[in-house]
Amino acid sequence: MSWALSFSVVLVTTICLVLLDPRLMHWFVIPAAMCGAILGIDVVDWLRRRLDLFDPQALIGLIGVHLFYLAPLLHVMFDWWPKRVIAPDDWRHAFGLMATLNLVGLVAYRWLTSSRRARRRVARGPAGELWRVRFDERRFYRFGVLMALVGVGAFIAELAKFGGLSGFVDTMTVNRDLLLGHNGLLTVGESFPSMIFTLVVVRWRRELVGRPGLIVALLLALALVQFFVGGLRGSRSNTLWPVVMGLMLVHFLVQRISRRVMACAAVVFVIFMFVYGMYKNAGPQVLDIFKGKKSVAEMSQETGRDAPAMLLGDFGRADVQAILLERRLEGVGELAWGGTYAAGLLLPVPDWIVPDRPLPKMYYGTELLQGQGVYSFEDRQWASNVYGLPGEAILNFGPPAVPLVFIPFAFAVRGVRRLHLRGLRGDRLPAALLAPPLGIATMLWLSSDCDNITYLLLQRLGPIGLVLLLSMSVRRSDTVPEPGPPHAAVPRRLAV
């Protein structure tokens with residue numbers, strides 16, 4: 001049923017769009033539509049409530065339908081293309097080549113995540129536990145409070161360094177160049193709102209049941225504080241993802257979030273992304289909209305942040321990936337051979353430990369997007385694009401690597417889904433705490449690069465992971481339990 005619905009909806013949608021815009025009468029639409037149909041199966045399962053609201057595979061399906069299907073078509077319909085790049089001779093041809101490679105990878109992804117054996121292993125979890133892990137909740141509170149105090153101390157150090165509250169706001173909104181070289185301090189200082197929220201939800205999770213007003217107040221407080229300490233410096237992810245992880249934590253430990261509530265939250269998130277995009281370019285001047293001095297249309301025109309820019313620039317990667325593919329097929333540029341992955345993983349390592357680092361993705365991306373010899377770190381001449389899972393594979397190993405990168409991605413999705421289902425059972429507190437950041441990281445892996453994922457895990461998973469690690473003790477189990485039946489502990493509505 002899900003297969004039939006997905007392929008039917010994509011087929012009807014594609015026919016309507018082709019009839020609406022004759023420029024879509026091109027062969028690239030066929031592989032792009034097949035990519036959308038394959039990922040749409042998980043979206044249909046999600047809509048049919050066969051998958052949990054925050055199931056990683058469902059979230060990947062939602063974002064993937066846009067990345068691999070809708071975005072290429074909307075680029076042609078809106079005639080919206082990135083600036084300051086060497087464009088391909090025919091965008092549609094480049095889209096078709098990229099969609100074909102993505103299609104091969106998505107077929108492998110679909111088979112690895114949806115085969116009968118994969119479903120059983122995700123639902124059942126590990127076959128046996130050779131080690132018994134004991135979680136001490138009191139120790140968790142003690143170390144959690146200590147971690148929150150460290151974060152507060154780092155934030156106070158930021159205020160002192162940048163000249164008090166007014167100097168902090170000025171640095172974050174106007175003089176952002178002063179933030180260079182302070183990534184460690186910023187990362188620690190921006191972590192305490194999420195840690196405090198986690199401690200409150202875990203400690204009073206039973207008292208919060210049936211009190212939606214209090215839950216909404218806690219989430220709003222988290223959003224406001226997180227925006228002040230981390231969002232002012234032009235990073236939407238510092239505000240958006242902590243709030244999403246807070247929603248997921250409530251979903252795991254307090255009460256299930258309904259799809260209606262999530263739809264309302266999604267509308268708020270989209271509005272936030274749109275307004276924040278203008279703030280990122282215009283700074284505090286975006287407040288002129290709320291003061292009545294400028295309209296949204298005027299501010300959008302001045303900043304270049306409109307709906308197509310958000311849908312295709314912020315939420316899409318199809319254009320950049322198509323350029324990378326065509327340029328590599330023409331033999332332009334050099335391959336990184338894993339260098340961008342190494343540079344991303346070394347991001348949290350101090351320079352004095354590893355002084356000689358691989359060239360970053362900005363170098364290889366600039367060579368392909370803007371021309372050879374353009375990149376200059378001293379003059380800040382580089383392409384700051386995000387390339388996504390297939391795009392970074394092209395930078396490192398060329399076009400043949402695109403289908404292959406979906407294989408480790410599929411295994412990562414299976415592992416995180418297993419953790420997600422364990423967290424939903426309610427009695428696995430560590431799984432419920434780890435599933436939100438790992439689920440978000442897995443979803444973003446499709447549209448982000450290694451350095452983005454490394455920074456996200458360091459900032460969002462690092463503090464809670466360290467507290468959990470200090471709160472556990474591991475002992476060897478005397479007996480190895482036999483695995484239960486495939487869906488023994490999974491509620492019927494969550495069966496895959």
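Helices and strands here are DSSP runs, with at least four residues for a helix and at least two for a strand, numbered from the N terminus. Keep that in mind as you look around this predicted model.

**Start with the whole chain.** Colour by secondary structure, and you have 22 helices and two strands to find in the protein chain. The chain holds 496 residues, and buried ones make up 51% of them. Switch on a surface next: about 23,600 Å² is exposed, with carbon and sulfur atoms supplying 64% of that area. How far apart in sequence are the contacting residues? Of the contacts between residues at least 6 apart in sequence, 77% join residues at least 24 apart.

**Select α2, then D45.** Helix α2 covers residues 29-47, and D45 lies in it. Is D45 buried or exposed? The relative accessibility of D45 is 10%, and the cut-off for buried is under 20%, so D45 counts as buried. Now show its surroundings: leaving aside residues up to four places away in sequence, D45 touches S2, R50 and L51.

**Move on to α6 and α7.** Select residues 137-161 for helix α6 and residues 164-173 for helix α7. Two packed helices are described by the angle between their axes and the distance between the axes. For this pair, the angle is about 90° and the axes are 7 Å apart. The two helices are therefore roughly perpendicular to each other. Which residues in α6 and α7 meet? Display side chains for F155, E158 and L159 on the α6 side, and pick G164, L165, F168 and M172 on the α7 side. The residues of this contact divide into five nonpolar, one polar and one charged.

**Jump to G313.** This glycine is in helix α15, residues 307-314. With a relative accessible area of 31%, G313 is partly exposed. Add W80 to the selection: G313 and W80 are 233 residues apart in sequence, yet their C-alpha atoms are 9.2 Å apart in space. Not counting residues up to four places away in sequence, G313 touches W80 and P308.

**Finish with the cysteines.** A disulfide is a covalent bond between the sulfur atoms of two cysteines. How many disulfides does a search of the whole structure find? The search finds zero. Two cysteines to click on are C16, which is partly exposed at a relative accessible area of 45%, and C264, which counts as partly exposed at 49% relative accessibility.

Definitions and conventions. Residues are numbered from 1 along each chain as its sequence is written. This is a predicted model: local features need pLDDT of at least 70, side-chain atom pairs count only at pLDDT 80 or more; totals for chains, interfaces and linings use all residues. Side-chain values use heavy atoms; hydrogens and water are left out. A disulfide is a pair of cysteine sulfur atoms within 2.5 Å. Buried means under 20% relative accessible area, exposed over 50%, partly exposed in between (1.4 Å probe, protein chains only). Axes are lines fitted to C-alpha atoms, for helices over the stretch in contact, and angles run from 0 to 180 degrees between N-to-C directions. Angles under 35 degrees count as roughly parallel, over 145 as roughly antiparallel, 65 to 115 as roughly perpendicular and the rest as oblique. Contact means heavy atoms within 4.5 Å. Ala, Val, Leu, Ile, Met, Phe, Trp, Tyr, Cys and Pro count as nonpolar, Asp, Glu, Lys and Arg as charged, and the others, Gly among them, as polar. Accessible areas come from the Shrake-Rupley method with a 1.4 Å probe; for residues, only the protein chains shown count as cover.
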